[in-house]
Amino acid sequence: MTGVGADRSSGSTGSTGEGERADRPSRIADILASVGAPVFYVLSTVGDVFKTFGLAVYYTFRGKKRWDEVINQCYQIGNRSLVFITVVMAFLGMILIFQSGLQVKRITGDFSQMGAVYLPLLIRQFSPIIGALMIATRVGTGIAAEIGSMVVTEQVDALRMNATQPVKYLIVPRFIAGIFMTLVLVVYSTLVSFLAGMLTAHVYFEVPYDTFWDISLVRWADLLIGVTKTLCFGMAIPVVSGQAGLAAFGGSEGVGWATTAAVVNSSLAVIMLDFVVGGVGFMVFPTN
Amino acid sequence: MIVFDDIHKRFGPKLVLEGVSLTVAKGRILFIIGQSGVGKSVLVKHLVGLLRPDSGRVFLDGVDITDYSEKQFYPVRKRCAMVFQNSTLFDSMTLLDNVALPIRKHKRLRDKVARREALGKLALVGMENEALRYPADFGDGMRKKVAIARALTLDPEYVIFDEPTTGLDPISANIVDRMIRDLSDRLGVTSIVVSHDLKSIFSVADRIAMLYKGQIRLDGTPEAFRRSEDPVVQQFISGSPEGPMEV
């Protein structure tokens, strides 16, 4: 029966059919490979990031720290981001208050709650995420480029040859500095954005400064969620960017890929963490 | 003795090593030669765990070290030092601190003691008077000397040199060649030298292994290489662009 079936099949389709059948498994394999390769890449990258995070936390609490390098990294992170954050957050504050002020003017004309509503929004949402995205862009690239260059010039291999754990030596100082400086920069960015908004409200809508400066709607929950998000972002950016640097390969092209991966992956991590922490925050501290 | 047994290594779609088997006898100088990008450095990095094989085994003095963890490799790296192609000195450290680093990390000695030992190693390569200067102040030859001093700090039994004379002027290259020879003759250190510098190869090597298309093409004495009638070997020695070797 099998033989007959095989004969019929070959008789009806001819040599082209046989070729097609022979090609089919390789085509399926190609399709599976083209779907599987990116999935495998994402899963392995996520796995590597979590492994690096685990090692960073472990070495943060164990062994001697390079405190001089932590201070240097604090300076680097702050110095690299300060002007960028000041300009972006000031413009963001002006745009948000100007646009919302136009709507308020059209609907109620009552500007008395403008500052009171704006501040919790800044603390809980805008400052942490916008600030962190800017730090991811500005600082993440620097971390990935620096570590990536060390990888492609074999300096990381030299560290390993000298019984030095690369995560402990390179990422832990940036991890500690990242947590501290992200918090400092986000608090600073909140202040800049709020003051820029206050100035805009005063100039365009004649809102008195003391009316805008109203913290009555800020709850402890807003502060807690804002700080939690900021700490999570501060941990994620150096780990994700550092891991991108450690995964660099080849020459300068590899360093380029590492910096791109650092920005993309850090930004994704910030957005996802914002969603998770924000969601948990809403469940634990409902707004109503 | 070092044994690489049927080592396979792939990077993405590129199969770099296709079943390399090689034995390195104690106290001898083995040169691994071949075209750029053929996998010479890849092969030697398997010995110290900087790379792991996809398949195959690595033995060090009869012990299978293939599946060692990163921490288990620390004592292996103490016995097998490596001088990297770009010297890989840390720019933020003085020459003395660069050389003291492995002593502090592997032997866990105090800074003062580690520095004293490091100064002694710098004296071996004639750099003791420059100990407090930074790597950026020196050219490739001097940096390579310091890298060799750093590799010797732990009195290793095996030293891997990755293209030690590439980019050096002829005098510096000769000095490095002589140091490799002296290490073997005076201290009995086993050296594995990755190189395509013909002058070094024929003046220093006890044995030569040629890597071609992921496999060992020829493994023998320098004399055996000179006499080889293999057209691939002959093309490599003559440096001719015409021949069977794909460029």
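Biologist: Before we start, what counts as a salt bridge here?

Modeller: A side-chain nitrogen of Lys or Arg within 4 Å of a carboxyl oxygen of Asp or Glu. Keep in mind that this is a predicted model.

Biologist: Okay. Which residues are linked in a network of salt bridges?

Modeller: Glu154(A), Asp157(A) and Arg160(A) are linked with Lys45(B), Glu70(B) and Arg77(B).

Biologist: How far apart are the closest N and O atoms of Glu154(A) and Lys45(B)?

Modeller: They're 2.7 Å apart, and the pair forms a salt bridge. The count between chain B and chain A is three salt bridges. You also get six residue pairs in polar contact between the two chains, with both residues at pLDDT 80 or more.

Biologist: And which elements of chain B give two or more residues to the side that touches chain A?

Modeller: That'd be α2 (73–79), β6 (80–83) and α3 (95–107) of chain B. The largest share comes from α3(B), with four residues. By class, that side of chain B has 12 nonpolar, five polar and six charged residues.

Biologist: How many residues are in contact across the two chains?

Modeller: On chain B it's 23 residues, in contact with 14 residues of chain A. Between them the chains bury about 1,600 Å², with 55% of it on carbon and sulfur atoms.

Biologist: Which residues in chain B lose the most area to chain A?

Modeller: Leu50(B), Phe90(B) and Lys105(B), and together they make up 29% of what that side buries.

Biologist: Let's leave the interface. How many salt bridges turn up over all chains?

Modeller: A search of the whole structure gives 31. One of the pairs inside chain B is Lys26(B) with Glu157(B), at 3.4 Å from N to O. The two are 131 residues apart, so to speak of where they sit: Lys26(B) is in the loop between β2 and β3 (29–33) of chain B, and Glu157(B) is in the loop between α5 (140–152) and β7 (158–162) of chain B.

Biologist: Are those two side chains' residues buried or exposed?

Modeller: Partly exposed: Lys26(B) has 48% relative accessibility, and Glu157(B) has 30%.

Biologist: What does Glu117(B) form a salt bridge with?

Modeller: Lys107(B), with the closest N and O atoms 3.1 Å apart. Glu117(B) lies in helix α4 (residues 111–124) of chain B and Lys107(B) in helix α3 of chain B, so the pair ties together parts that are 10 residues apart in sequence. Glu117(B) is partly exposed at 29% relative accessible area, and Lys107(B) is partly exposed at 33%.

Biologist: What about Glu223(B) and Arg226(B), how many residues apart are they?

Modeller: Three, in helix α8 (residues 222–227) of chain B, which means they are separated by about one helical turn. Their side chains meet in a salt bridge at 3.6 Å, N to O.

Biologist: Switching to strands. What order does the four-stranded open sheet in chain B have?

Modeller: The order is β2-β1-β4-β5, with antiparallel pairing. β2 (14–24) and β5 (63–64) of chain B each have a single partner strand, so one side of each is left without a neighbour in the sheet.

Biologist: How many bridges join β1 to β2(B)?

Modeller: Eight, with β1 (residues 2–11) of chain B and β2(B) running antiparallel. Phe4(B) stands opposite Leu22(B) in β2(B).

Biologist: And what is Thr23(B) in contact with, leaving aside neighbours within four places in sequence?

Modeller: Met1(B), Ile2(B), Val3(B) and Arg207(B). Thr23(B) is in strand β2 of chain B, and is partly exposed at 33% relative accessible area.

Conventions
Residues numbered from 1 in each chain as written. Chains lettered and ligands numbered in written order. Predicted model: local features only at pLDDT ≥ 70, side-chain atom pairs only at ≥ 80, totals over all residues. Heavy atoms only, no water. Contact = heavy atoms within 4.5 Å. Buried area = accessible area lost by both parts, 1.4 Å probe. Polar contact = N/O pair within 3.5 Å; in protein donor to acceptor, adjacent residues only side chain to side chain. Nonpolar A, V, L, I, M, F, W, Y, C, P; charged D, E, K, R; others polar. Pairing = 2+ DSSP bridges. Buried < 20%, exposed > 50% of the residue type's maximum accessible area, 1.4 Å probe, protein only.
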